[in-house]
Amino acid sequence: MCARATIQRGWAAQARRVAFTVALTTAATVIASARAQPAGSQARSDTEWLEAIQSAAQRTNYSGTIYYQQGADIRTSRIVHQFDGSTSRERLLLLDGERREYLRKGDEVQCLLPDAKRIIVEKRPIGSNFPALSTSAPADILRFYNLRKAFVERVADAECQVILLEPKDGVRYGYRLWVERTTGLLLRAQMLNERQDVIEQMAFTEVRIGEVADPARLKPSWSTEGWRIDKVEKKSVDLPWSFAIPEGFRQLSAVIRRFAGGNGRDTVQAVYSDGLATFSVFIEPDQGGAGSSAAKSKGPINAYVHRLGDTMITVVGEVPPNTVRDVALSVKPRPTR
């Protein structure tokens, strides 16, 4: 498997993390930053703001149109989210590209592919996709990001408190968040590089919050009778390699797979996150590619390929270039006993 294929697979893996998301182009205004802060927006502490965002994404009924923008690439989706008091359910229909729909109940996600008449079922952490912010505890996020309240601005005709999450080091990007002041629902999010340039953004273009639940709106768009059902099983394994992981990142999953074209040899894939930023490590047999190292970038996603003997190491993630490079160069086999 060549380095290009590995990077593309890595990019696809990162894109799936935001498969539920779409983004809105925005222009932040200097005038808005000078607006007076409404009294209600000052009542929450830093931890309470993050808790409000996490809770609203799962425990509030809402629907609307959202879109995701990465460079010139823009994708739109339509979302319906309902909470029955114990379980959150969601339906998300992609409006661009290949026809695809996601149905979520709790942590189980079904991906419907009507052209292939196929359903892919897998477990995904609750709260890992926009408008959810993170699966991590607010206290853990605040260990590595400073939270600062900025101006107040409307998004999708709703008044929002703008919050900045500024990284305390250079191994992760920053974020600008627009949070609906009453419910805490996240209506717009931007990822910022070290120069404060927007490198990725997602937002509601229109939203309805607090709707009465209607189970009929959660039904799939197509009849799925006779479709093939594939279940993705994920099992953690002890990796035969060690990595120098930046502080604050934890392992979400680690699997050993056998890919077609891999000459029967195993490929390691491990995913790490600090609750906001995510990167993946791929380790596989080298297929004779030229050169020893290579760096690639696509919007907020950076990749670094490093060859070590007969092994190719690729690190891909929504983190700065130096982070993927340092992780890739740190990979080494664990000593055998």
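This report walks through a predicted protein model, from its overall make-up to single residues.

**Overall make-up**

The protein has 337 residues, and 51% of them are buried. Its secondary structure consists of five helices and 20 strands. Contacts often span long stretches of chain: of those between residues at least 6 apart in sequence, 55% join residues at least 24 apart. The accessible surface comes to about 15,900 Å². Carbon and sulfur atoms account for 49% of that surface.

**Nonpolar cores**

In soluble globular proteins, nonpolar side chains tend to be buried together. Here the largest nonpolar core has 67 residues. L165, L177 and F243 have the most contacts inside this core. Strand β8, residues 158–167, gives the most to this core, with six residues. A second, separate core has five residues, among them L112, I119, V121 and W227.

What does L177 touch, leaving out residues up to four places away in sequence? Its partners are I53, L133, Q161, V162, I163, L165, L186, R188 and A189.

**Cavities**

The whole structure holds three cavities of 30 Å³ or more. The largest cavity contains about 90 Å³ of space. Its lining is made of 13 residues. Nearest its centre lie Q58, E90, R104, G127 and N129. By type, the lining of the largest cavity divides into six nonpolar, five polar and two charged residues.

**The loop between β6 and α4**

Strand β6 covers residues 118–123, and helix α4 covers 138–142. The loop between β6 and α4 holds P131. A cis peptide bond joins F130 to P131, with omega about 10°.

S134 lies in that loop too, between β6 and α4. Is S134 buried or exposed? S134 is buried, because its relative accessible area is 5%, and buried means under 20%. Beyond its neighbours within four places in sequence, S134 is in contact with Q54, G127, I141, G275 and L276. One of these partners, G275, is 141 residues away along the chain, yet the C-alpha atoms of S134 and G275 are separated by 5.2 Å. Another of the partners, G127, is among the residues nearest the centre of the largest cavity.

**Two positive phi angles**

K117 and D157 each have a positive phi, although K117 is not a glycine and neither is D157. The table sets out their angles and loops.

| Residue | Phi | Loop |
|---|---|---|
| K117 | about 50° | between β5 (108–113) and β6 |
| D157 | about 70° | between β7 (145–155) and β8 |

D157 is exposed, because its relative accessible area is 63%, and exposed means over 50%. The loop of D157 leads from β7 to β8, and β8 is the strand that gives the most to the largest core.

**The loop between β12 and β13**

V237 is found in the loop between β12, residues 228–231, and β13, residues 241–242. How accessible is V237, and what does it count as? V237 has 26% relative accessibility, so it counts as partly exposed. Leaving aside neighbours within four places in sequence, V237 is in contact with A254, V255 and I256. The C-alpha atoms of V237 and A254 are 6.0 Å apart in space, while the two residues are 17 apart in sequence.

Definitions and conventions
Residues numbered from 1 in each chain as written. Predicted model: local features only at pLDDT ≥ 70, side-chain atom pairs only at ≥ 80, totals over all residues. Heavy atoms only, no water. 1 Å grid on protein atoms, 1.4 Å probe; cavity = no way out; pocket = protein on both sides within 12 Å on 5 of 7 lines; lining within 4 Å. Points joined across faces, edges and corners; volume = space filled by probe spheres on them. Nonpolar A, V, L, I, M, F, W, Y, C, P; charged D, E, K, R; others polar. Helix = DSSP H or I, 4+ residues; strand = E, 2+ residues; numbered from the N terminus. Buried < 20%, exposed > 50% of the residue type's maximum accessible area, 1.4 Å probe, protein only. Contact = heavy atoms within 4.5 Å. Areas by Shrake-Rupley, 256 points an atom, 1.4 Å probe, with all protein chains shown as cover. Core = buried A, V, L, I, M, F, W, Y, C linked by side-chain atoms within 4.5 Å.
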